[in-house]
Amino acid sequence: MNYYATMIKPASGTCMLRCKYCFYEEESSRRKVKNRGVMTKRVMTGMIDQILNYFKTETVITFAFQGGEPTCAGLDWFETFIDYVNRNKKTYHTIKYAIQTNGILLDDLWAEFLKRNHFLVGISIDGPKWIHDPYRIDAVGGGTYDRVMESVNLLRKYNVPFNVLSVLSSELSKHPAEYWQWLRENRFDYVQLTPCLPSSGNDPYALHPEEFFSFYDGLFPLWDKSREAGEHYSISLFDNVIPMFAGIPPVQCGFLGKCFPQFVIEADGSCYPCDFYCVDQYVMGNAAEKSPGELLRSRALRSFAREPRRKCRECDDCRFEGMCHRQCKRMNVCYFDRNYCGYRSFLEKYEGKMRIAATWIQEIKRR
């Protein structure tokens, strides 16, 4: 069985929000063409043809949509995409869909579409209203928490599976207990916390290694107490780290010390190896013109994969190196600096409890 996943930006960097820490806004501004608009039908169908025609045996193909804000491409665009895939996929193709959205444009038509086509939805929301609203603002500076929560309720109404993505900013790192209470009150069982990456210059929103440790030092005991009580909340860092204590490989590539191509496809078909590296020097080729195999053989990808990872002084004698590998080369700035590693401090403090939790997770999987 083959597995292939691609991340598609159907509306490029277009978005109705003006989030204060948006990494893609800065990243795309470093390209010759910042915003590629909405993907044309020609690029769309060419890309789908290249992917479907490449895999000629049993293959699970995941189309994940991101942005910017992908729903800015319009519901008709997505209907056209699904229809074209359905008419051209083979019996040995298993198709899965996912979308990461800020939720602002979702309505009943969108919810029905997502349910009908079995989408997994990621909703971007940063925690309680008083944390979310100052950072995730609309075009006139207003907070968006209430509108996002309306979309959450809409997804629940239509039984659309979803998880929550929160940006772990410097501010959020100061409130792990409040964040945990918010998760439980709103029954958010599946959560991905993404460290807030620094932009160029002085960045008041970026997560620093000491704040990384402080946040998880506050969150993990609360999570573990719920685990002991029989409750399970999926937290992205814990889902990757804890199974490694039982010899189970992590899911996210950053923990493996290798960059695996994500096949990030911009609206004009340009394909990049990673969402954090969608700049001109890393273009692998055009996904509407080249197959996944041809993109894999690109010089840009080989150059990207060979780039070294930075380390700190604690790396030299760290016994957790095999559970880190200096982390994701783009995000590790949030884990460690030259002299201190928040990730190591976290593992050292909670190793015993995480080993117990790893055994518990294995027992659950065996049931």
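**View A. Two buried rings in helix H4.** Trp-110 and Phe-113 are both buried. This is a predicted model, and here we zoom in on helix H4, which covers residues 108–116 and holds both rings. Trp-110 and Phe-113 sit three residues apart, about one turn of the helix.

**View B. An aromatic pair that links a strand to a helix.** If you go hunting for ring pairs in this model, the count comes to 43 aromatic pairs. One of them is Phe-65 with Phe-78, an edge-to-face pair with 4.9 Å from centre to centre and 70 degrees between the planes. Phe-65 belongs to strand S2 (residues 59–65) and Phe-78 to helix H3 (residues 75–88), so this pair ties together parts that are 13 residues apart in sequence. Are these two rings buried or exposed? Phe-65 has a relative accessible area of 2%, so it is buried. Phe-78 comes out at 0%, so it counts as buried too. Now think back to the rings of View A: the centres of Trp-110 and Phe-113 are 6.0 Å apart and their planes stand at 90 degrees, so that pair is edge-to-face as well.

**View C. Helix H8 meets helix H9.** Here we look at helix H8 (residues 209–228) packing on helix H9 (residues 236–244). Their axes are 12 Å apart and cross at an angle of about 80 degrees. Angles of 65 to 115 degrees count as roughly perpendicular, so that is the label for H8 and H9. Which residues of H8 and H9 meet? From H8 come Phe-212, Tyr-216, Leu-219, Phe-220 and Trp-223, and from H9 come Leu-237, Phe-238 and Ile-242. Sort the contact by class and you get eight nonpolar residues, with no polar and no charged ones.

**View D. An open sheet of ten strands.** Follow the strands across the sheet and you read S7-S6-S5-S4-S3-S2-S1-S8-S9-S10. The sheet is open, and its pairing is mixed. Strand S7 (234–235) and strand S10 (285–286) stand at the edges with a single partner strand each, so one side of each has no neighbour in the sheet. In general, the strands of a sheet pair through backbone hydrogen bonds, either parallel or antiparallel.

**View E. Strands S8 and S9, close up.** How do strands S8 and S9 run, parallel or antiparallel? S8 (residues 264–265) and S9 (residues 270–272) run antiparallel, and two bridges join them. Look for Ile-265: its bridge partner in S9 is Cys-271.

Conventions
Residues are numbered from 1 along each chain as its sequence is written. This is a predicted model: local features need pLDDT of at least 70, side-chain atom pairs count only at pLDDT 80 or more; totals for chains, interfaces and linings use all residues. Side-chain values use heavy atoms; hydrogens and water are left out. Two strands pair if DSSP finds at least two bridges between them. Helices (H or I, at least four residues) and strands (E, at least two) are DSSP runs, numbered from the N terminus. Axes are lines fitted to C-alpha atoms, for helices over the stretch in contact, and angles run from 0 to 180 degrees between N-to-C directions. Angles under 35 degrees count as roughly parallel, over 145 as roughly antiparallel, 65 to 115 as roughly perpendicular and the rest as oblique. Contact means heavy atoms within 4.5 Å. Ala, Val, Leu, Ile, Met, Phe, Trp, Tyr, Cys and Pro count as nonpolar, Asp, Glu, Lys and Arg as charged, and the others, Gly among them, as polar. Rings of Phe, Tyr and Trp (its six-membered ring) pair if their centres lie within 6.5 Å; planes under 30 degrees apart count as stacked, over 60 as edge-to-face and the rest as tilted. Buried means under 20% relative accessible area, exposed over 50%, partly exposed in between (1.4 Å probe, protein chains only).
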